[in-house]
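Here are some notes for a colleague who has not looked at this structure before. Please read them with the model open.

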Amino acid sequence: ILSGLVGSEMCIRDRRDIPAASASTPSDTTVWCSDAIADMLRALDIPFVLLNPGASFRGLHDSLVNHLGNENPQMIVVLHEEHAVAIAHGYTKVTGRPLAAILHSNVGLMHGSMAIYDAWVDRVPVIVLGATGPVDAAKRRPWIDWIHTAQDQAALVRHFIKWDAQPASITAAQEALLRAKQIATTAPQGPVYVCFDAALQESQLTQKPALPDTARYKAPPPARPSDDLVEQAANLLAQARNPVILAGRVNRDEHGWQQRVQLAETLGAKVLTDLKVGCAFPTHHPLHAAPAGHFLNAAAKETLRGADVVLSLDWLDLAGTLKQAWDDAPVASTVIQVSVDHYSHNGWSMDHQGLPPVDLFLQCEPEPAVELLNRQLKPSATGRYERHSRPLSPNESAARPAGLTVPIVAATLHRALGDRKVCLTRLPLSWSGELWDFDHPLDFLGYDGGGGIGSGPGMAIGSALALKASDRLPVAIIGDGDYMMGVNALWTAANAQIPLLMIVCNNRSFFNDELHQERMARQRNRPVENRWIGQRITNPEPDLAAMARAQGWTGYGPIEQADELERVLRQAIDAVKAGSCVVVDAVVQTGYSPAMTAGLTRADD
């Protein structure tokens, strides 16, 4: 599935603008430490580095451009450090292959910290490279080097990265980069941070250092549970009358997808999925028991309560999900947990969620566990399952609202796409699972992990970069708040020629918080009609399409009617297929949806 997504045809325009180095330049005879660092990045097969320029890594920047020729890895420029990490995050969600994001000293690390947290919570590997003003204070320039230097720069992010280093020699730098990639790509995966002293980068070497053999420093193969534990799990599942599989954080591999389908069909097990992570099971399969969401809907709760055995495939927030289904009563089901996520849990962040009750623990990633279970189990007598499709649009016979809604945007986009292969790189919080069927691991990539706002544009661009050589059309559907917080990421896509369709479901409000304000007003017997104050993005309404056009994109909108939206989407899709970047501003009505209100009904929300 991943082969061919990254190739020579994915050239970045800036590379063609670099003149050949002159044979008489000093860089041809002088060996710099930053050259050796750049060589190590190439040896690690990092295809792209993303950066916002900074003096703390000016030596490494020069080496990437003039020593490597901006080719393998290719440099992609961003306008904000948060976008560097977000683009790397989005790329890796498609390919599983980490990129490098270079952040300028402590100030750039502060900018990028939210995106690093997103990657941490999403368990996605990103190799974050930093730099600091000379550690030796005697070598610092007045003023600027002092405020851009820290005694322990990684302390800013150490609580939500897997590992960090600040090497003091080129030999140590090589080892740090080898270890960084190895640790980042070992499950549970996550971001790492390596900081390079500016003075080290700019120092000369007496000779070019030998590169280590990177094949000897790869991440270990996936762990597998003991045969005894696999046999116990297989027996529990084989004897279950109503098994349920919670398909959670899994990879984008097509073989793993088929293995999960085989396991469900073998057991006749119902399957639940989660919109917070990428799609993990075909949603049109009859064993997919309920539309996915951020919280359990009524059908999903009923399915889970009826299970005698629950198989969790690294389900995100297993404890909270069981609590939703059982309403704080003891869980009556036998629970099998497949995960290594506990290795990432620490005391600073509660992103690990609650501690679930587990009867049998398989300490491995979902893919090896599913494959081993398939070898143990015999097919169910239920027979072959015929897949079905739910309606993908609102009831056409029902009266349509005067304007657009998120379901109407979804139905209109589906008609405009026809039979094109698409990857939904992002969906808004107001999306409901029944609006779209997923039949392939790249049909939907999930959310950002950290649940903040502003990551959508950068992550969508990163995913589109990974899909550039594929036959899939990248489509991001995001909210207006998310769009505006990350809007200057769009320039990078235009500059690097990364085709992408971005549809903004623009309700001109931070509407999720309108619901919270309404809840507070009702609890306190105060005016509900004031819920909009401090939430609406109006007076004036920002021109979202103009923001896109100003950065080299094609921008349409604001659009308020379905007929106009369908016409524009057809034009936009054709433009993206031809290599353009397009934003469509679709003004949607504010209102309730199951996806937005499910989490507001619990007393402890």
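1. The bridge partner opposite Gln337 is Phe361 of strand S13. The coordinates come from a predicted model, and the points below should be read with that in mind.

2. Strand S13 covers residues 360–362 and runs parallel to S12, to which three bridges join it. Strand S12 itself spans residues 334–338, and four of its five residues are buried, so the strand is mostly covered; buried here means under 20% relative accessible area.

3. S12 also pairs with strand S11 (residues 309–313), again in the parallel sense, over five bridges. One of the pairs at this junction is Val309 with Thr334 of S12. Between S11 and S12 the chain passes through helix H11 (residues 318–326), and this β-α-β crossover is right-handed.

4. Elsewhere there is an open sheet of six strands with parallel pairing, in the order S3-S2-S4-S5-S7-S6. Which strands stand at the edges? They are S3 (74–77) and S6 (164–165); each has a single partner strand, so one side of each has no neighbour in the sheet.

5. Within that order, S2 (residues 48–51) and S4 (residues 100–103) are paired in the parallel sense over three bridges. Leu50 has Ala101 in S4 as its bridge partner.

6. Helix H4, residues 105–121, lies across S4 and also across strands S5 (127–132) and S7 (192–197). Relative to S4, H4 runs at about 135 degrees.

Key
Residues are numbered from 1 along each chain as its sequence is written. This is a predicted model: local features need pLDDT of at least 70, side-chain atom pairs count only at pLDDT 80 or more; totals for chains, interfaces and linings use all residues. Side-chain values use heavy atoms; hydrogens and water are left out. Buried means under 20% relative accessible area, exposed over 50%, partly exposed in between (1.4 Å probe, protein chains only). Helices (H or I, at least four residues) and strands (E, at least two) are DSSP runs, numbered from the N terminus. Two strands pair if DSSP finds at least two bridges between them. A crossover is right-handed if, with the strands pointing away from the viewer, the path from the first strand over the helix to the second runs clockwise. Contact means heavy atoms within 4.5 Å. Axes are lines fitted to C-alpha atoms, for helices over the stretch in contact, and angles run from 0 to 180 degrees between N-to-C directions.
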